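Please open the model in the viewer and keep the sequence panel visible. The tour proceeds by selections, each followed by a description of what is found there.

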Amino acid sequence: MRDSTFKSALSDRTAKTFMGVLFGATLLVTLLNQIFPPDSALHVSAYTVTLLGKYLCYALLALALDLVWGYCGILSLGHGAFFALGGYAMGMYLMRQIGDRGVYGNAELPDFMVFLNWSELPWYWHGFDQFWFAALMILLVPGLLAFVFGWLAFRSRVTGVYLSIITQALTYALMLAFFRNELGFGGNNGLTDFKDLLGFSLQSDGTRVALLMATAISLAFAFVLCRWITGSKLGRVVLAVRDAESRARFIGYRTEHYKLWVFTASAILAGIAGALYVPQVGIINPGEFSPLNSIELVVWVAVGGRATLYGAVIGAILVNYGKTVFTGIMPEAWLFALGGLFVAVTVFMPQGIVGLVEKHWPTLKQRFMKSDSNDDRPSAQGEPS
Amino acid sequence: MSALDSLRETFRRDQVFDFMRQGTRSVSPGQLDAGDGKNILYLEDITVSFDGFKALNDLTMYIKTGELRCIIGPNGAGKSTMMDVITGKTRPDSGTCFFGQTLDLTRLSETDIATAGIGRKFQKPTVFPEHTAFENLELAMHDAKGTWHSLFTRMSGEQKSWIEETLAQVGLLEDRDKVAGLLSHGQKQWLEIGMVLMQKPQLLLVDEPIAGMTRQEVERTGQLLQSLAGKHSVVVVEHDMEFIRSIASTVTVLHQGSVLAEGTMDQVQNDPKVIEVYLGE
Ligand SMILES: Nc1ncnc2c1ncn2[C@@H]1O[C@H](COP(=O)(O)OP(=O)(O)O)[C@@H](O)[C@H]1O
Ligand SMILES: [Mg+2]
């Protein structure tokens, strides 16, 4: 059967390879961290564990963008907003877990509220001391925002560059709002000084490794989910909308519903990525809403290659690894490097790394085979001697 | 019959005081009402202007249910614009456009019009370039079109063989897994005709179907269109007189946005107004 189901998407070769590499790398890092003592040459530090966890969160975010950009042609320049909202929802839960261990020792209020002389918890903070509630909000808040925003935008047929601009405005507006103390999310400083998650200390190596594992599993799950979506008839309709939207309308599809569906699904995935990110980096602040973040995200997907899913993951990990290395050497030049990278990718490899490899794969394979084969094989050219 | 239905019957477009008769069928709004012997399409006094230029000028035309109608006319006569109005792509400045008795096409969206049963082949072939021929037909297939349905649906054997039959009908069975963007111009035309067929429409609008086709392909297209008439109503726009002569029963000549002449091919060809327009070019 051609139509994929979640089960068939789980067992196809691409998904198996993807999960093999992902879980292999994660397990290796985990074992090296847990088994070898800190002074051993083979030991992997908790810093590296967390760094890898962070990359995987970015990879999940890139996957979300690829779904909406690569497959549906909607270039969202505001996906960082959904990531940040998921992050804030998780941050609120972590904040409530601090209890009376804050600087002011106030069990009822987070430190920043005490500092602002607030006397009681705002209504929208209620429930966040429960993990299940926070988990629900992680899915619901980005999903709902995307749904309402998308409904308005797609219904009035805003497309192309206009849509990109309003998504960028969305994340910018949220950034300005979250900077304000009165909003009740810690203003400038955001939410930080987290202590534990579900009772496990965030400082311990064990928790960090567990978070890395949770991220890897979420990424794998999201990958299979996206494979299912893109392999279903819905995926083919979405591609049709990308390539010829009005034609899709003339054969009876409500294209705005399809765009809305994909946009919302993608925002939820981005929210999950943000929620996994926050306990690993230990802070969430309005900087995460910065328009620049959303643009960087687009570069990751462009570098990796659009509409392949694994391309987005590869792009996110490579670019962020590059960023880690680069900012260590000369931090002020990173933005220029990023800009240059984007231009280079757009001009020289529009299909990204994956596209480049796929294009040259036959020749590479041939060359590889040739150097492998014996010299006494008769010459293919049959040159006269 | 309720008072409301009686009232509605009063406003039927083809009969007056039909409700006086016994056993008259009433159709609720939103359903197509175009039984045999009635008209399926009513265009009345349609005017469309682009920046003052009238692409359609008081166009009035009726298409009978099951009819094969050819529309000819010089370039720029407004033939494609007429199809734009019928399919909801362009809204007329004035005039009415009804599909059957009850469906006001000027108030429906493109999607609703497609769902109601109007399929269109565009002048410039528009297929989905990155989907295979098979997938193009699958997308066009008459089926529920909602998002969740599309996610969970799995193609049945019946649907698969229906698509294969249609592929055979339009001569693309061998190229079923070829990406549509790589098909020849003529093949794209056919693929698009196939897509229209898969929609199971009541009314097919076919805009310049034979452009880029070889002689044999043209012949097959003519046969295909003729075989469709009766079960479906078909409106074909063409330039090629010979082609039209080979398939048409009734021909409508459009000129400067309105009907210049209508009748059989012979009547039309001998009409002095038509001769003047065509010789004047
Ligand atoms: N969207 C548009 N904007 C401006 N002018 C248009 C538009 N569509 C069609 N026209 C004009 O309307 C006239 C009729 O066009 P069209 O219906 O495509 O003619 P036909 O299909 O009979 O060759 C032409 O003169 C064309 O230039
Ligand atoms: Mg035309």
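Begin by selecting helix α2 of chain B, which lies across β1, β2 and β4 of that chain. Relative to β1(B), the helix runs at about 115°. Please bear in mind throughout that this is a predicted model.

**The sheet beneath the selection**

Next, display the strands of chain B in the order β2-β1-β4-β5; these form an open sheet of 4 strands with antiparallel pairing. At its edges are β2 (53-64) and β5 (103-104), each of which pairs on one side only. Then restrict the selection to β1 (residues 39-50) and β4 (residues 94-99) of chain B, an antiparallel pair joined over 5 bridges. Which residue of β4(B) stands opposite B:L41? Selecting B:F99 shows the partner in question.

**The magnesium ion**

Now select ligand 2, the magnesium ion, and show the side chains of B:S80 and B:Q123. The protein donors are the OG atom of B:S80 and the OE1 atom of B:Q123, which lie 2.1 to 2.2 Å from the ion. B:S80 belongs to helix α2 (residues 79-86) of chain B, whereas B:Q123 is in the loop between β6 (118-121) and α4 (133-140) of chain B, so the pair ties together parts that are 43 residues apart in sequence. Both donors are partly exposed: the relative accessible area is 22% for B:S80 and 36% for B:Q123.

**Ligand 1**

Keep B:S80 displayed and add ligand 1, since B:S80 is also among the residues around this ligand. The surroundings further include B:F50, B:F53 and B:A55, together with B:N75, B:G76, B:A77, B:G78, B:K79 and B:T81. Three distances merit display:

- From a polar backbone atom of B:G76 to an oxygen atom of ligand 1: 2.9 Å.
- From a polar backbone atom of B:K79 to an oxygen atom of ligand 1: 2.8 Å.
- From an N or O atom in the side chain of B:T81 to an oxygen atom of ligand 1: 2.5 Å.

**A stop in chain A**

Finally, move to chain A and select A:T171, located in helix α7 (residues 160-179). Is A:T171 buried or exposed? Its relative accessibility is 0%, and A:T171 therefore counts as buried. Beyond its neighbours within four places in sequence, A:T171 is in contact with A:L77, A:G78, A:G80 and A:A81, and also with A:F289, A:P291 and A:S294. To close, add A:H79: although A:T171 and A:H79 are 92 residues apart along the chain, their C-alpha atoms are separated by 7.8 Å.

Key: Residues numbered from 1 in each chain as written. Chains lettered and ligands numbered in written order. Predicted model: local features only at pLDDT ≥ 70, side-chain atom pairs only at ≥ 80, totals over all residues. Heavy atoms only, no water. Donors = N, O, S within 2.8 Å, 3.2 Å for Na, K, Ca; no water. Helix = DSSP H or I, 4+ residues; strand = E, 2+ residues; numbered from the N terminus. Buried < 20%, exposed > 50% of the residue type's maximum accessible area, 1.4 Å probe, protein only. Pairing = 2+ DSSP bridges. Contact = heavy atoms within 4.5 Å. Axes fitted to C-alpha atoms, helices over the stretch in contact; angles between N-to-C directions. Near = heavy atom within 4 Å. Polar contact = N/O pair within 3.5 Å; in protein donor to acceptor, adjacent residues only side chain to side chain.
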